[in-house]
Amino acid sequence: MTEPRAPGPGDTVFLVDGSSFVFRAYFQSMNQDRKYNFRADGLPTGAVRLFCNKVYQFIKDGAADVRPTHLAIIFDKSEHSFRNELYADYKANRSAPPDDLVPQFPLMRAAVEAFGLVPIEKSGFEADDIIATYARQASAAGADVLIVSADKDLMQLIDDRVSMYDPASGEGRRAGQGRMGVRPERRIGIEEVVEYFGVTPDKVIDVQALVGDSTDNVPGVPGIGKKTAAQLIAEFGDLDTLLANAESIKQNKRRENLIEFADQARLSRTLVTLDDQVEVEDPLDNLVLQPITPEPLIAFFKALDFGTLTRRVAEDTGCDHSAVEPDPRYLRMAPTGEAALLDDPAVEAEDSGPASPETLAAKMEHEALGASFDLDKYETITTLERLEEWLGAAAQSGVLGLAVRLTGPAVMRDDVAGIAIATGPGHAAYIPLSHSATDLMTANTVMDPDKVAALLKGPLTDRGIIKVSAAMKRDYLALRRIGLDIAPIDDTGLLSYAADAGASLHDLPGLAKRFLGHTPIDDRDVLGTGRNKVTFAEVPLDSATRHAAEEADIAVRLAPVLRQRAIAKKVSRVYQTLERPLLPVLARMEEAGIVVDRNVLSRMSGDFSQTLARIETEIYELAGEQFNIGSTKQLSDILFGKLGLPGGKKTKTGAWSTGAQVLEDLAGEGHPLPVKLLEWRQISKLKSTYTDALQEEINPDTGRVHTTFAMASTTTGRLSSTDPNLQNIPIRTEEGRKIRTAFVAAPGTRLIAADYGQIELRVLAHIADIPQLRQAFADGLDIHAMTASEMFGVPVEGMDPSVRRRAKAINFGIIYGISAFGLANQLSIPNSEASAYIKRYFERFPGIRDYMEATKTFVRTHGYVETLFGRRAHYPEIGTNNPSLRAFYERAAINAPIQGSAADIIRRAMVRIEPALAEAGLSTRMLLQVHDELLFEAPQEEAEKAIGIIRNVMQGAAEPAVKLAVPLEVDARAGGSWAEAH
């Protein structure tokens, strides 16, 4: 037995990317005879066999002419990592693994243990992060590192000590599997990275930030490929400098995209940057390679019928394999692919005693519902008579699955290409309405939209038929545009969201794989990609039928499973009262849109250009010379070289940082140049992101901007807005507030802005039972002045504004778990003073600390927290051993009941406002929701009456479900523009 030993000079550490290896082995096994891929009883084993072959080779012979002294095989523990908290859609479009690979996942880990190794994984982190951490540690100790992987994301780690090795034999490669295109059995160093990416390893993340990654759903910057990205980074030096200098790029589209998607590029860089500071549970010392103990390995191989490997290990070690019995644990493994071993304690616990509703729901996750999927049996409906028969079947079954397909990507601009329907599991069809494909069977194949709509009208509003969709808001809005309403409705994504917010994604492919064991057709396989991408209206009819009907079929199968899950998890009321009724409200808001005055935006862009020119002149005067303001290098030379300002920070590349925090710190010291630089950056962003970009979002048909609201994109229940995002328009600065002047009322109407006042503080006062805050809100006091008086012992009358400002920062900061460091930065005070403020705050309001501690205890025990209305926000990684990540989840869990309850209240208000206005005979309609604010468009003569109704509904929205201990206040005003209504 080799004693644990830290690696050092002369050692070589092998880091095997086990997760990617699993897929590599699987796809290679697909090219081999079936008898090698399955055990006699049907258990899939081909990928495990190839995996074991390679691991044995590494242990016995090494790779790339070197042998390991230390060996680690690292896996992804789950699909959810800290990156999903930064970007909910990260890896959202990943296809589910093949059915016959799923049961091999636990066998891969069992194989590692049979070799006498430890399968290394960690919740909240990807295998690549652990590899990065081990690579850094080993390299720092003077050892060489060989990363066994074909994942291009790991190329950022390569340096003089760290290299990669792609063990592929060239077999089994598939498009979209992240292959690098290097020669088989080749060691990859700095030269090969430059050959592939066009830049050295230290610049790889900058290139990836621009290019993005469709496999991992990293957005990048549209229109920029790998070659262009490499050229841009080579020209400007790094991503920050490039984005700061985007205005200087000559190519129009490239320049516009870099400006518009700058934040997206920065986010992408964060997503692709590997975390090399993971707190690994197994130190490198324990990874020293041990001699193989043959008996447990042979027992494992025998259980899986790996005859060749059994004989090979026996010969190499001198072990008599005839005396070794197969490992019984794997002999009893279910041949159809249950992922858990049959003697797993969790499985035994499930099988003992009566099953609870939660257990029944959990078992349903692994069982298909109804008939098997046979996409070739889906029908293309080409006659009205046949459509009537299908709709009759829906009336009999009481369910109608829907999947609407459009002629283009935008529901408010494109027509309906066709409608898929399903009347039960396996019974689905497609109605083509507008197809231009050349292979249509007859000239009469495409149905008359008006006649189809006439037949659908009754069933779509029949209360005896539940309409189910995986994207009901899209389908609801698309059908409204051809004169069809839908009720009652179910949405599978929202059912999943109500049950599992924060614990999983709610997309159709993921839900289908998880609950039905079925991998649906990928959109890209039907529509193509890049230049070859077509619209759905151009898809051949047989492919269109299979794809659209499959979605409707999946929705019909998923709905009862997810309804049962919501009931078992006691969140059915959340779905019934907060999610389902809000969906049609949001669809009508998206349809309504809002008028945006192009002339106002154009004038503002011009004004911003003039302002930027003036600021640039002032910057040049303060610097004593002209330079490229957007260039990090030139700016750092001015700030820290020529002017010698203190406090400069260097990036990993050795360059001086000129980020916002650095400039804010310098500005806080009283230096005028950083103040002007921050002002220049702010105006530049307002111009590129809003006044320029919003002009392109105006719908030519309606003259309005139509955003899209996402209901299931946050853990807490807050809505988000995309295409364009109208929830992030800045309001803290005068220039930012000017943007809202471009959002105007249509002729003859007024815009009404109704805003909850300090709703989250009010919810906090109720949840945490803070007597002082409750009384202050009940008395209508200035809550921030009251807090300042409580904390600092100063009278409210004649209070210094700076004292109130500090109390306000603490009041809102406490909700979000602000640290002393964060508060110090916000108020420009020393950390010690900020820490004293927070300590004093908790002393004055002890109920808040009690609430925080109680919430942390609850979430650690249950893995979730609840809002006042029963919405659950899940934090499955709360038990992580990473202190900073754990603290992040704890802060999120503390905030979720507060922010989530506020979000629930405004959802309840939105559901009630429409019928309240209609009952009063008003035609006022809701246009936008921006966190705690609602925006309406009202005929001028009914604006005042509408304000009264809106205010009353919003103030009473929590009741009768919850009787708040503090009153809700709503400020509602009318104006000719959004800005004027404030």
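Leaving aside neighbours within four places in sequence, Leu678 is in contact with Ala660, Leu663, Glu664 and Ala667 in this structure, which is a predicted model. Leu678 is found in helix H29, and for one of its partners, Glu664, which lies 14 residues apart from Leu678 along the chain, the separation of the two C-alpha atoms is 7.6 Å. Because its relative accessibility is 22%, Leu678 counts as partly exposed, the buried class being reserved for values under 20%.

Helix H29, which spans residues 672-696, also takes part in a packing with helix H27, residues 632-642. Two packed helices are described by the angle between their axes and the distance between the axes. For H27 and H29, the axes come within 12 Å and cross at roughly 160°, and H27 is therefore roughly antiparallel to H29, as angles over 145 degrees are classed in this way. On the side of H27 the meeting residues are Leu635, Ile638 and Leu639, while H29 contributes Leu673, Leu677 and Arg681. Divided by class, the residues of this contact between H27 and H29 comprise five that are nonpolar, none that is polar and one that is charged.

Both of these helices are also packing partners of helix H26, whose buried residues pack against H27 and H29 and, in addition, against strand S13 (594-596) and helix H30 (734-738). Helix H26 covers residues 598-623, a run of 26 residues, and its first and last C-alpha atoms lie 37 Å apart, close to the 38 Å expected at 1.5 Å a residue. The buried residues of H26 are Val600, Leu601, Met604, Ser605, Phe608, Leu612, Ile615, Ile619, Tyr620 and Ala623.

A further helix pair is formed by H19, residues 472-480, and H25, residues 582-592, whose axes come within 9 Å and cross at roughly 55°. This angle makes H19 oblique to H25, and the crossing of the two helices is right-handed. The contact involves Met472, Lys473, Tyr476, Leu477 and Arg480 of H19, which are matched on H25 by Leu583, Pro584, Leu586, Ala587, Arg588, Glu590 and Glu591. In terms of residue class, the contact of H19 with H25 holds seven nonpolar and five charged residues, with no polar ones.

Key. Residues numbered from 1 in each chain as written. Predicted model: local features only at pLDDT ≥ 70, side-chain atom pairs only at ≥ 80, totals over all residues. Heavy atoms only, no water. Axes fitted to C-alpha atoms, helices over the stretch in contact; angles between N-to-C directions. Helix = DSSP H or I, 4+ residues; strand = E, 2+ residues; numbered from the N terminus. Parallel < 35°, antiparallel > 145°, perpendicular 65-115°, else oblique. Left-handed = near helix turned anticlockwise from the far one by under 90°. Contact = heavy atoms within 4.5 Å. Nonpolar A, V, L, I, M, F, W, Y, C, P; charged D, E, K, R; others polar. Expected span 1.5 Å × (residues − 1). Buried < 20%, exposed > 50% of the residue type's maximum accessible area, 1.4 Å probe, protein only.
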